Amino acid sequence: MAVPVENEDSDSQFSEEWVGTTASQETSRSFCDDTPHHCAQNRGSKTLSRQGSLACRSRQLIHWHLNRMGWHDSCVATSIRRFLRGQLFSAFTLLCLLIALFLSEVWTILQVATNAELDAILTTVFVVFLLELLGLSLTDMSYLFGFFFWMDLLGTLSITFDISYMAGQDATQPLRVSYKEHISSGQNMVFARTARAARLEARAGRLGRVLKILRFLPFLLSTGNQRSNSQVKTARVMSNQLTNFLSIRVAFITISIAGMLPLFGLLRHPQADDSMVAWTEVLDRTAVPFQAAVGRNSSTLATAMAMPLEGAMALDEALRLWSEVRLFAEFYAAMDYGPFAVKYGERHGDSFYVVLDVPVPSTFTSPRRQSSAYIITAELVEASFDLSAPDRKEAAATVGLVFFVIVVMCSFGLSMNNCVYSTALTPLEKMLRIVRKRCAEIFAYTDNLERRVCETSSHCTGTSTMAQTSEFEMLECVLEKMADIAKLLTAEEPETKDEMSEGEIMVLNWMQGSRVTTRAANKSPTATMVRVPTLPLVVAPDSLIQGLASTDFDPLNLSTEMNVAMAGYMITAYEGCCIWVQAYVHERQLRSFLTQLAAAYQPNPFHNFAHAVDVEHCCRTYMTLAKAKDFLSDVAQFWLLIAAVGHDVGHTGVNNRFLVEIQHELAMRYNDRSPLENMHCARLFEIASQPQSNIFSQVQKCLFNEMRKSMIAAILHTDVARHDEIVRGICLLYQINSEAFDAQEPGPAISPSNTNMQLVLNSLLHTADVSNTMKPWELCQRLAHLCLDEFFAQGDLEKASGLPVQTLNDRDRVNRSHSQVGFGEFLILPLATGMIRLFPRLDYLALHLSQNMQRWSDLWRNEVKPGPEELTRVQLRVQRVADECAKLVRGEDRKRPRSSCFTVLDGTSRSVSKRGTI
């Protein structure tokens, strides 16, 4: 079986987090922090933050709510995001982009008669762009409403201007205008300008798509200049982001100018259009005498020509009409556009009925692409013009404009990259190169110092070489490492004070972990897994179910079968994960898992299955009061309850130091580092790996790996040796986000950061594990005696083995009541302070701690009968704890204890299951 070892490395390096994202993502992150609260703070003043950051706060609030749903971190969203950002799909979208930019213009240049093939290809491109837009919007939290989002939206919608059956022009239909409407109301002019405006808008939309090419430019994908900065990651990353930021905006300005300038040409109608209308008017007037000579009542021209008088007049007027048509054709002979047909007839409504096709002595012919034909209709004449040559020139100019924009954008981007490198990156490299060099020296020194300390200390954090991380991370690691070394240097002797008694020093020494030098034979109680059949169905009475809403819940008086039922009920009926559990966890497997888990617990006085159920209940209570559903996913709440009920499985009844001193098999297997906690993790997942008790069988593999990683980290942090690490972590988390926690809105401070989320989960489990002193007095007193009985049993083993008896393990020297005073003051008070600052609704912990400290002090006074000086010293310590606790309790609760920390904890839970069964 693989040994579970906590991964202490960060999830991703500094440079990977910056370089691996698009410029739009980093732009949003640089202006606004991940939370709405920080978004306002970064503006510098409250006035500016209220005015200038409203849009930013709204966007970050949407992102936070989407992130809280957990969709962006799911396997499906991650797979979609990776596919859309992958090289294969990026190459395909680049091909689609080139098609969208140039294909419609190529169709015009080649004068293809129909748009059928073009519509099919552009429809495919439109669907690809639309799916990309929707996919990134749903899976990439920083893409939605970002810069590239709006540009992609504009580019995608502009494709509709090129598709015939959407907003595009049909290639098989010529453009028809009416001369009379043009003269009377100007509607024809408006129509012509509207059509031209549509073409210009399509061109501007295609230019907007050019911004997509920025994703494929090498100086935006890589570091650009790699001359001598291979060892200075931060400077290179900052240069990258600055180049991205400036290049995108320069490109946007270039495209905006190129797209907007032609729109001002809409105010001027081309002279060519006026000449074509004017010639049509001349021909129409010439056709009026011809119509009079022919006669309106003649059904055909041949009938009129058969009459002698009318025939002569008709022939004369026909020659005059043909003469005007010849002059009309000669006018356009030197131009690249001109008439190819003139028809005589009559206009009825929107239709024109042709009577005679007047021959036009012109070199122009009907264009293959009918959309390049321009037809002007008067009362008696309809003139058709061939505009295919101007259309081809306009299409070629559009292609040239797009190429010009791309060249300008790339040239200026590369030039700006070089300027940024010379003006910003070079001096920054020099500074950060010195930082890296000095950090390397500090790492080398601290590693040597830590090795020397480890040779004389039983508790060592281990050494590590300088990782290939950013300079800022290195500075942070140096500070943390120096703090750890300082702790190691002072760990050889307990921190003592003149007024401390011998018992107080023993408690402090137990917390700090003093070294035991004598070794004995490798003998200790061993834990073996007991395989028992699944217990029968047990129904928990309503009184027990209702008791879950109170801090007085006591699993010590329950049978193993009933504790299994209560453990299962708390998992299946907890409102934070009950829906997810019903969907992904089989009840039979959960019952088998809990049954085998209970059987694997040893019959220790304290570390037994009842203690596991108690810790599970505390975690459930803490999450309910802290409203964990606002910042923890249902998956995280589920695995925390599972980790709580299995965090001490297989406990041997002795601590880690004892196992290390006797060189026990567990200590050898886990290299003396939290052997018990590592064994608990391994035993828990060993039980869960069996088919009949595999509660993770319906969970996707990638999600299970994340759950397992987080559960191992949380269980390993139940080691008392990591107590100070947890306390420092939550205190630092509060100091950085104090306003959010004081306002009881912890979501924006916790959800965006996986590190903060894991820290909170570790803290919840560890607090529940050591919460004995923060429970109601009767339960607190009973649990304390059971814990000390286990300590004293280990002390008896140490005496029998010839080992020095560890602190708090000598039944002949330790006073039970006085040891609890020191335990609450030194260990529990700092932890309770940090947790209540994060979640003020947990203030009942401080209230119970203050009351229990006074009770233990009173018991000690009655048992020992101390002298006045010692009594005063202990009373002052107890009073100091009471004062600190009073500051943590909310105003309305300072004068009253709470046997029930809340009244509606299980209101929703009981709606899921009326009775606790498992």
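Valine 615 is buried, with a relative accessible area of 0%, and this residue of helix α24, which runs over residues 609-625, is a convenient place to enter what is a predicted model. Leaving aside neighbours within four places in sequence, valine 615 is in contact with Ala644, His647, Leu765, Ala768 and Asp769. The C-alpha atom of valine 615 is separated by 6.8 Å from that of valine 645, although the two valines stand 30 residues apart along the chain.

A second buried valine can be read in the same manner. Valine 654 has a relative accessible area of 3%, and is therefore buried, since the cut-off for that class is under 20%. Its place is in the loop between α25 (634-646) and α26 (656-661), and, when residues up to four places away in sequence are not counted, valine 654 touches Leu659, Leu676, Gln794 and Leu797. With one of these partners, glutamine 794, the separation along the chain is 140 residues, while the C-alpha atoms of valine 654 and glutamine 794 are separated by 5.9 Å.

From these two positions one can step back to the whole chain. The protein contains 38 helices and 7 strands, and of its 918 residues 53% are buried. Among contacts with a separation of 6 or more, 78% are between residues 24 or more positions apart. The protein exposes about 42,400 Å², of which carbon and sulfur atoms supply 58%.

Helix α30 shows how burial is arranged around a single element. Its 14 residues, 723-736, should span 20 Å at 1.5 Å a residue, and the C-alpha atoms at its ends are indeed 20 Å apart, so the expected and the modelled spans agree. The buried residues of α30 are His723, Ile726, Val727, Gly729, Ile730, Leu733 and Tyr734. Because these residues cover an arc of only 165° around the axis, they lie on the same side of α30. What does this buried set pack against? The buried residues of α30 pack against four helices, namely α31 (738-742), α32 (747-750), α33 (754-769) and α35 (816-838). On the face of α30 turned away from the buried side are the exposed residues Leu732, Gln735 and Ile736.

Nonpolar side chains also appear at the surface elsewhere, where Trp71, Val76, Ile80 and Leu138 make a nonpolar patch of about 350 Å². Of these, tryptophan 71 is found in the loop between α5 (54-68) and α6 (75-85), and with 34% relative accessibility tryptophan 71 counts as partly exposed, because that class lies between the 20% and 50% cut-offs.

The charged side chains offer another route through the model, which holds 17 salt bridges. One of them joins glutamate 330 to arginine 326, with the closest N and O atoms 3.3 Å apart. Both residues belong to helix α16 (residues 308-331), and because they are 4 residues apart there, about one helical turn separates glutamate 330 from arginine 326. Glutamate 330 is partly exposed, with a relative accessible area of 47%, and arginine 326 is likewise partly exposed, with a relative accessible area of 30%.

A salt bridge between aspartate 336 and lysine 393 has an N to O distance of 2.9 Å. Aspartate 336 lies in the loop between α16 and β2 (338-348), whereas lysine 393 lies in helix α17 (residues 388-454), so the pair ties together parts that are 57 residues apart in sequence. The two ends fall into separate classes of accessibility: aspartate 336, at 29%, counts as partly exposed, while lysine 393, with a relative accessible area of 54%, is exposed.

Further along the chain, the side chains of arginine 811 and aspartate 796 meet in a salt bridge of 2.8 Å, N to O. Here the pair links distant parts of the chain, 15 residues apart, with arginine 811 in the loop between α34 (777-801) and α35, and aspartate 796 in helix α34. Arginine 811 counts as partly exposed at 40% relative accessibility, and aspartate 796 is partly exposed with a relative accessible area of 32%. In addition, Lys799, Asp810 and Asp812 are joined into one network by salt bridges that share partners.

Methods:
Residues are numbered from 1 along each chain as its sequence is written. This is a predicted model: local features need pLDDT of at least 70, side-chain atom pairs count only at pLDDT 80 or more; totals for chains, interfaces and linings use all residues. Side-chain values use heavy atoms; hydrogens and water are left out. Helices (H or I, at least four residues) and strands (E, at least two) are DSSP runs, numbered from the N terminus. The expected span of a helix is 1.5 Å times one less than its number of residues. Buried means under 20% relative accessible area, exposed over 50%, partly exposed in between (1.4 Å probe, protein chains only). The arc is that of the directions from the helix axis to the C-beta atoms. Contact means heavy atoms within 4.5 Å. Patches are made of residues with over 30% relative accessible area and no salt bridge: like charges are joined within 9 Å, nonpolar side chains (Val, Leu, Ile, Met, Phe, Trp, Tyr) within 5 Å. Accessible areas come from the Shrake-Rupley method with a 1.4 Å probe; for residues, only the protein chains shown count as cover. A salt bridge is a side-chain nitrogen of Lys or Arg within 4 Å of a carboxyl oxygen of Asp or Glu.
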